[in-house]
Amino acid sequence: LTLLDPRGAARGESQIQTKVTLPPDRGEIEDRRGQKLAVTVKAPSIYASPVEIRDVEATARTLAGILGADPKRVEGRLRRGRSFSYVARWVTPAQAAQVLERKDAARAEDRESELEGIGIVEEPRRVYPYGPFAAHVIGFANIDGVGVRGIEELEDELLRGTARSVPVERDAKG
């Protein structure tokens with residue numbers, strides 16, 4: 001039985017088709033000679049899709065070993081939310097590589113990984129190449145990329161740039 005109804009079709013389409021807003025890269029701060037005083041780099045973060053994790057305790061133990069963290073704390077983060085939860089933000093490239101190696105090794109052996117439902121996403125991180133040099137003037141940006149003090153705060157709107165929306169399709173798991 002097929003029922004054609006424009007409202008139903010539009011609703012079904014709206015559940016599949018959506019838009020994702022991509023944040024812009026934060027602008028650089030340079031001195032008058034072009035020396036970079038504040039830049040944004042990509043840093044790996046580990047996330048979980050809790051609905052895809054079969055054994056939360058085993059996954060937490062494995063991740064805790066890689067991250068050097070308390071397994072109970074990692075387990076708490078894995079049990080948070082339904083479709084997305086950060087496990088650790090701005091981890092070292094070596095830690096991110098270990099997660100990927102474990103997943104790839106399981107895939108190569110055609111077995112389920114203990115890190116099923118775990119992934120790596122690159123996030124922007126603000127870096128100050130000269131460390132504390134002129135920190136009171138430059139200020140800093142918080143984890144969400146918002147200027148909090150100094151030039152970072154005064155020129156936040158200019159440095160932040162403009163976000164961009166792109167169309168995406170979602171599956172049944174979101």
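Start by selecting helix α7, residues 156-160. Asp156 and Arg160 both lie in this helix, 4 residues apart, or about one turn. Bear in mind as you go that this is a predicted model.

Show the side chains of the pair. Asp156 and Arg160 meet in a salt bridge, 2.0 Å from N to O. Side chains of opposite charge can pair when their charged atoms come close. Now check the surroundings of each partner. Asp156 is buried, with a relative accessible area of 8%. Arg160 is partly exposed, at 37%.

Widen the selection by adding Arg26, Arg126 and Glu152. Together with Asp156 and Arg160, these residues are linked in a network of salt bridges.

**More salt bridges**

How many salt bridges does a search of the whole structure find? The search finds 16. Two further pairs are on this tour.

Select Glu28 and Lys36. They form a salt bridge, and their closest N and O atoms are 3.1 Å apart. Glu28 is partly exposed, with a relative accessible area of 41%. Lys36 also counts as partly exposed, at 34%.

Go next to Arg54 and Glu112. This is a salt bridge too, with the closest N and O atoms 2.8 Å apart. The pair links distant parts of the chain, 58 residues apart. Arg54 sits in the loop between β3 and α2, while Glu112 sits in the loop between α4 (93-108) and β5. Arg54 counts as exposed, at 65% relative accessibility. Glu112 is partly exposed, at 43%.

**The loop between β3 and α2**

Stay in the loop that holds Arg54. It runs between β3 (36-48) and α2 (56-67). Select Ser49, which is found in this loop. Is Ser49 buried or exposed? Ser49 is buried, because its relative accessible area is 10% and the cut-off for buried is under 20%. Leave aside the neighbours within four places in sequence, and Ser49 is in contact with Arg82, Ser83 and Gly117.

Move to Val51, in the same loop between β3 and α2. Val51 counts as partly exposed, at 39% relative accessibility. For a distance check, pick the C-alpha atoms of Val51 and Glu13: they are 23 Å apart in space. In sequence, Val51 and Glu13 are 38 residues apart.

**Helix α3**

Now select α3, residues 71-78. Colour Val74, Glu75 and Leu78, which are buried. Look down the axis of α3: the buried residues fall within an arc of 100°, so they line one face of the helix. Turn to the face directed away from that buried side. There you meet the exposed residues Lys72 and Arg73.

What do the buried residues of α3 pack against? They pack against β3, α2, β4 (85-88) and β5 (118-127).

**Where α2 meets α3**

Last stop: show α2 and α3 together. Two packed helices are described by the angle between their axes and the distance between the axes. Here α2 and α3 pack at an angle of about 125°, with their axes 8 Å apart. That makes α2 oblique to α3. The crossing of α2 and α3 is right-handed.

Finish by showing the residues that make the contact:

- From α2, select Val56, Glu57, Thr59, Ala60, Leu63 and Ala64.
- From α3, select Pro71, Val74, Glu75 and Leu78.

Val74, Glu75 and Leu78 should look familiar: they are the residues of α3 coloured earlier as buried.

How values were computed. Residues are numbered from 1 along each chain as its sequence is written. This is a predicted model: local features need pLDDT of at least 70, side-chain atom pairs count only at pLDDT 80 or more; totals for chains, interfaces and linings use all residues. Side-chain values use heavy atoms; hydrogens and water are left out. Helices (H or I, at least four residues) and strands (E, at least two) are DSSP runs, numbered from the N terminus. Buried means under 20% relative accessible area, exposed over 50%, partly exposed in between (1.4 Å probe, protein chains only). The arc is that of the directions from the helix axis to the C-beta atoms. Contact means heavy atoms within 4.5 Å. A salt bridge is a side-chain nitrogen of Lys or Arg within 4 Å of a carboxyl oxygen of Asp or Glu. Axes are lines fitted to C-alpha atoms, for helices over the stretch in contact, and angles run from 0 to 180 degrees between N-to-C directions. Angles under 35 degrees count as roughly parallel, over 145 as roughly antiparallel, 65 to 115 as roughly perpendicular and the rest as oblique. A crossing is left-handed if the near helix is turned anticlockwise from the far one by less than a right angle, and right-handed if clockwise.
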